[in-house]
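Biologist: Before I plan anything at the bench, I would like a careful look at one part of this model, the metal site. Please describe its surroundings in a connected way, and then say what else is worth reading alongside it.

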Amino acid sequence: MGYAEVISLSEVRASKQWASLRHQLHDRFDQWLDRLEAQLPEPETTLAQITETVWNLRQELTGSLTESLVEHAHQVELTRKEIVCATCDRLLAARPAVSRTVDTMVGAVQLERPYFYCRHCHQGQSPLDEALGLTPGRKQLDVQQAAAQVVVEMPYDEAHTLFGDLTGVTIGSERMHTLTNQVAQGLTVLDVAPSRQEIERRIASVAAGRFRRPVLVLGIDGAYVPTRPENARGRRPGQGRYRAKRPRWTGQWREAKGLRFYLMDGERIVHVLSWHQVQTEAELGEALQQIKDAGLIPEEQVRLCVVCDGASWIWKHIQTLFPHARQVLDYYHCAAYLHKVAKAQYGDSVQALEWVEATLTRLYLGKAGAVLGGLKRLHAPSEEAAKAVANCWAYLHAHRGRTHYQKLRRGGYPLGSGGIESSNKFICHTRLKRSGAWWYEGNSNQMLALRCAKYNGTFNQVFARHQQRLREA
Ligand SMILES: [Zn+2]
């Protein structure tokens, strides 16, 4: 017997199996056609009426086709007569099949599978579930992941309705909430960060065809988000007859401190990594440290630059972790200080405008020394003006080394912290600042972590982690 003959035998077997599967699928389709026939409207109908009928029945078809495909692919597990108990090594005989229905994006899938129970270890199991990679509970991972994508964009009630309308899969808003908690629990910056390889790929795409290494900007800033205290739990002032009463707790605006790495590609920004949380300065520093320790940032492939508004805690972290990074003081923040001086000094006059314009020009040309000298020479007409001048002088003096704006501009560095401000907006504000929404700190941080994952391009990675954790539990 030649080798070729063996192959052709297996080919025959494969084609026979495929033929039998096709047959089963056709049977399922026929059954579905019966149901369709019963529900189809009168012959003269609009397209909308027809599509509505097909839409309502479509998951019955795709779900039942899936059942046949599962049966075909897992015949071994479906007809299994015995297994060995994983704990005590006893041989266990199959008990009568137990039915389980799971919800997927293509509809409900019913599984009749053998069940094994060890009386000594008091453990039951269905090997098919494991072979299929099922998750506990009825809603399977594809549904969970799709629902999470909607939830990170809009309030739970809205997400529930929209998701049901567009997918035909029902998942309650409470369930969506629980699911979000489970998926996002314990997420750290490294869980939502792209891999070093992926970051290098983004850098290479910006670097292509350019002589100089691309500028990678690190922006750090805070965004105010509405939070509610933990003691608001359990009280439901928004419900039932209490609706009209004011809640007995007071909401608080707290700072979500965030960091964002992004690449400058001409006028375009290429996002790399965001991490925003309601957290302390020290915690943000730790997150930066983790990024550094994990070696995610290929510092030798980029010109690293940090742009901030001047808060001293930020520079402290930078000095330790990225001592070679180019430091930039937000130009527009500087401008705000100068405007304050002008107003205090000259009021709302033409002179005020002229002074600001001339001073900003000097600053822009990198002449911070001249600006400082000019401030020193001002004769303040009031105590208030003297204070504004002194403030501005101290601020500029402390950061004078970070104000070489003309040089920075020529090097392709950003002058302002617009990059982090925009990430404050699209990650924090868009979802957290909704009318009437006040977030528990834990929930807000979970939502922020998921939104970071979305924009970092690591949503799948977060779900792989979730699946892994379910498996281990
Ligand atoms: Zn056992």
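Modeller: Cysteine 88 is partly exposed, with a relative accessible area of 25%, where buried means under 20%, exposed over 50% and partly exposed anything in between, for a 1.4 Å probe and protein chains only. The model is a predicted one, in which local features need pLDDT of at least 70 and side-chain atom pairs count only at pLDDT 80 or more, while totals for chains, interfaces and linings use all residues. Residues are numbered from 1 along each chain as its sequence is written, and side-chain values use heavy atoms, with hydrogens and water left out.

The SG atom of Cys88 is one of the donors to the zinc ion, which is coordinated at 2.3 Å by the SG atoms of Cys85, Cys88, Cys118 and Cys121; a donor is an N, O or S atom within 2.8 Å of the metal (3.2 Å for Na, K and Ca), and a site may look incomplete since water is not among the atoms. Seen from the zinc ion, the four donor atoms subtend angles of 105 to 116 degrees, and the arrangement is therefore tetrahedral, a term that requires all angles between four donors to lie between 85 and 135 degrees. Along the sequence, the donor residues follow the spacing C-x2-C-x29-C-x2-C. Distant parts of the chain are linked by the pair of cysteine 88 and cysteine 121, which lie 33 residues apart: cysteine 88 is in the loop between strand 1 (82-84) and strand 2 (91-93), and cysteine 121 is in the loop between strand 4 (107-118) and strand 5 (123-125). Strands (E, at least two residues) and helices (H or I, at least four) are DSSP runs numbered from the N terminus. Like its partner, cysteine 121 falls in the partly exposed class, at a relative accessible area of 22%.

Each of these two loops also holds a residue with a positive phi that is not a glycine. In the loop between strand 1 and strand 2 this is aspartate 89, whose phi is about 65 degrees and whose relative accessibility of 61% makes it exposed. In the loop between strand 4 and strand 5 the residue is histidine 122, with a phi of about 55 degrees, and histidine 122 is likewise exposed, at 59% relative accessible area.

Another histidine, histidine 404, sits in the loop between helix 15 and helix 16 (405-410), and at 38% relative accessibility it counts as partly exposed. The C-alpha atom of histidine 404 is 7.9 Å from that of alanine 368, although the two residues are 36 apart along the chain.

For burial, helix 18 is worth reading alongside the loops. Of the 16 residues of helix 18, 12 are buried, so the helix is largely enclosed by the rest of the structure; among the buried residues are Asn443, Met447, Leu448, Leu450, Arg451, Cys452 and Asn456. Helix 18 (residues 441-456) should span 22 Å at 1.5 Å a residue, and its end C-alpha atoms, 22 Å apart, agree with that, the expected span being 1.5 Å times one less than the number of residues. Just after helix 18, glycine 457 takes a positive phi of about 75 degrees.

How values were computed
Tetrahedral: all angles 85-135°; square planar, octahedral: opposite > 155°, others 65-115°.
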